[in-house]
Amino acid sequence: MRYQLSSTWLKCPYDPLVYISQEDIDRHFKNSLWEKDDYPFNCIEVIVDDPFACPYTGHGAVRHQAWVIRKPGYYRVSVSFSTIQKSNSMRTHYTMKHYRGMPYFNYNNDRCHNNYVSRAFHKVLDFYSHMERQIHNEIWLTQQTKTETYNRLKNKQIMRKFMEREQLRKREKRVRGVIITQETKSFFQALAIGSIFKKEEA
């Protein structure tokens with residue numbers, strides 16, 4: 001069965017911190033239904049809601065989906081009470097959403113099956129990594145466009161200057177060897193003066 005991350009797990013992935021004293025451990029062990037027969041030491045067997053196998057070793061639980069509390073301290077557990085039949089005393093029941101009370105994250109393996117919160121973390125990480133790659137690609141494309149536009153304009157300017165130099169060389173070749181005499185100068189000066197008189201008459 002493939003488990004999906006529901007809104008309940010997203011909104012409340014762990015229980016609040018609860019302090020468990022040595023007296024709580026001893027009282028629970030004394031009034032327990034099965035801990036006295038299964039464990040050689042005083043403890044609290046906590047039922048874990050996580051449907052997967054425990055990713056930790058050495059916790060000492062003899063049952064599947066269970067976690068053992070041996071020492072007093074703060075734990076992320078949920079505590080409920082029930083009345084013992086034919087008695088005025090109460091029996092405590094401890095549950096936690098995850099082993100050790102917190103989601104198990106495997107940062108190096110996105111296919112980790114021990115906790116689907118870990119897979120959700122990697123999916124979110126992959127999503128934002130894809131967004132980051134898209135942003136970098138857009139920046140690279142923008143820079144490439146700017147570079148191509150600059151090179152195109154620069155090459156166009158170089159070609160324009162080259163064509164101007166070629167036209168200048170051609171003009172120089174056409175007039176090479178031509179000697180301008182005084183008669184030629186006088187002729188062109190007369191043409192220029194005549195054109196000025198025509199403009200004034202008009």
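I looked up the sheet in this predicted model. I found an open sheet of four strands, in the order β3-β2-β6-β5, with mixed pairing.

I then checked the edges. β3 (66–69) and β5 stand there, each with a single partner strand, so one side of each has no neighbour in the sheet. I also noted the twist: on average, neighbouring strands of this sheet are turned by 35° against each other, direction ignored.

Next I looked for what packs on the sheet. Helix α2, residues 22–31, does so and touches β2, β3 and β6. I noted that the direction of α2 makes about 110° with that of β6.

I went on to the pairings. In general, strands of a sheet pair through backbone hydrogen bonds, in a parallel or an antiparallel way.

For β2 (residues 44–48) and β6 (residues 90–96), I noted the parallel sense, over two bridges. I47 of the chain stands opposite T95 in β6, and V48 stands opposite M96 in β6.

On the other side of β6 in the strand order comes β5. I noted that β5 (residues 78–83) pairs with β6 in the antiparallel sense, over six bridges. Here S82 stands opposite R91 in β6.

I closed the entry with β6: parallel to β2, antiparallel to β5, and touched by helix α2.

Methods
Residues are numbered from 1 along each chain as its sequence is written. This is a predicted model: local features need pLDDT of at least 70, side-chain atom pairs count only at pLDDT 80 or more; totals for chains, interfaces and linings use all residues. Side-chain values use heavy atoms; hydrogens and water are left out. Two strands pair if DSSP finds at least two bridges between them. Axes are lines fitted to C-alpha atoms, for helices over the stretch in contact, and angles run from 0 to 180 degrees between N-to-C directions. Contact means heavy atoms within 4.5 Å.
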